[in-house]
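Work through the exercises below with the sequence and the coordinates at hand. Each task is followed by a solution that proceeds step by step.

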Amino acid sequence: MAMITGPLSGDAKDTVAQALQGALVDLIDLSLVAKQAHWNLIGPHFRPIHLQLDELTELARSHMDTIAERAVAVGINPDGRSTTVAKSTKLQQPESGWIEDGKVVATITDLLDGVSKRMHERVRATDEPDPVTQDLLIAVAQDIDKQHWMFQAQA
């Protein structure tokens, strides 16, 4: 069986693998949490938050594909399996059942704050070993930071 190799090796490859896998898990679970909130949202601000959660889901899905494909391009196997995401996610899970719009905004704001901090850590970690990966993580961080601001502004 042929293997995919890439331009990285040793510690550089390990650092980049950790950054990409962590970003992938964050983005996959963020898309799932956003959809869960989207489906169970209630309250007077339902419509705009419902639509904003769809935007967040689409953003996370778009970036997760880019991140996973970068991993493959540098010879790393991305792992987006549900069991992997479930055991390694750092995102707090929303409560079950209906969720009031204010609680959704607060929950998503907190989640985005954590994802943003981890993305910024990954940006710093990949500066030296792989500026191309760093560039992709910067784009993710930029969009996550914007979403954080937009949810936080509603709190």
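The exercises that follow concern a predicted model, and they go from the overall fold to salt bridges, the nonpolar core and a single side chain.

**Exercise 1. Describe the order of the secondary structure elements and decide how compact the protein chain is.**

Solution. Begin with the elements: the protein chain has 5 helices and 2 strands, and from the N terminus on they run α-β-α-α-β-α-α. Next, compare the radius of gyration, which is 16 Å, with the 15 Å that the globule rule gives for 155 residues; the two values are close, so the protein chain is as compact as a globular protein of that length. The C-alpha atoms fill a box of roughly 55 × 30 × 20 Å along the principal axes, and buried residues make up 45% of the 155 residues. Finally, look at the contacts between residues at least 6 apart in sequence, of which 83% join residues at least 24 apart.

**Exercise 2. Determine which parts of the protein chain the salt bridges Lys35–Asp54 and Arg70–Asp130 tie together.**

Solution. Take first the side chains of Lys35 and Asp54, which meet in a salt bridge with an N to O distance of 2.6 Å. Lys35 belongs to helix α1 (residues 10-40) and Asp54 to helix α2 (residues 46-73), so this pair ties together parts that are 19 residues apart in sequence. As for accessibility, Lys35 is buried at a relative accessible area of 16%, because the cut-off for buried is under 20%, whereas Asp54, at 28%, is partly exposed.

Turn then to Arg70 and Asp130, whose side chains meet in a salt bridge at 2.9 Å, N to O. Since Arg70 lies in helix α2 and Asp130 in the loop between α4 (101-125) and α5 (131-152), the pair ties together parts that are 60 residues apart in sequence. Both Arg70 and Asp130 are buried.

**Exercise 3. Establish how Lys117 and Asp113 are placed in helix α4.**

Solution. The closest N and O atoms of the salt bridge between Lys117 and Asp113 are 3.0 Å apart. The two residues are 4 residues apart in helix α4, and therefore they are separated by about one helical turn. An α-helix has 3.6 residues a turn, so residues three or four places apart point the same way. Lys117 is partly exposed, with 48% relative accessibility, and Asp113 is likewise partly exposed, with 28%. Apart from this pair, salt bridges that share partners join Asp26, Arg118 and Arg122 into one network; the salt bridges come to 7 in total.

**Exercise 4. Identify the elements that build the largest nonpolar core.**

Solution. The largest nonpolar core has 41 residues, and those with the most contacts inside it include Leu27, Leu53, Ile108 and Ile144. Elements that give two or more residues to this core are α1, α2, α4 and α5, with the largest share, 12 residues, coming from α1. To see the packing around one member, leave aside residues up to four places away in sequence: Ile108 then touches Val33, Leu53, Leu56 and Phe151.

**Exercise 5. Find what the side chain of Gln134 reaches, and decide whether Gln134 is buried or exposed.**

Solution. Gln134 lies in helix α5 and is buried, with a relative accessible area of 14%. Its side chain reaches the backbone oxygen of Val123 at 3.1 Å. When neighbours within four places in sequence are left aside, Gln134 is in contact with Val123, Thr126 and Asp127.

Definitions and conventions
Residues are numbered from 1 along each chain as its sequence is written. This is a predicted model: local features need pLDDT of at least 70, side-chain atom pairs count only at pLDDT 80 or more; totals for chains, interfaces and linings use all residues. Side-chain values use heavy atoms; hydrogens and water are left out. A salt bridge is a side-chain nitrogen of Lys or Arg within 4 Å of a carboxyl oxygen of Asp or Glu. Buried means under 20% relative accessible area, exposed over 50%, partly exposed in between (1.4 Å probe, protein chains only). A nonpolar core is a set of buried Ala, Val, Leu, Ile, Met, Phe, Trp, Tyr and Cys residues joined through side-chain atoms within 4.5 Å. Contact means heavy atoms within 4.5 Å. A polar contact is a pair of N or O atoms within 3.5 Å; within protein, one must be able to donate a hydrogen and the other to accept it, and residues adjacent in sequence count only if both atoms are side-chain atoms. The radius of gyration is taken over C-alpha atoms; the globule rule is 2.2 Å times the number of residues to the power 0.38.
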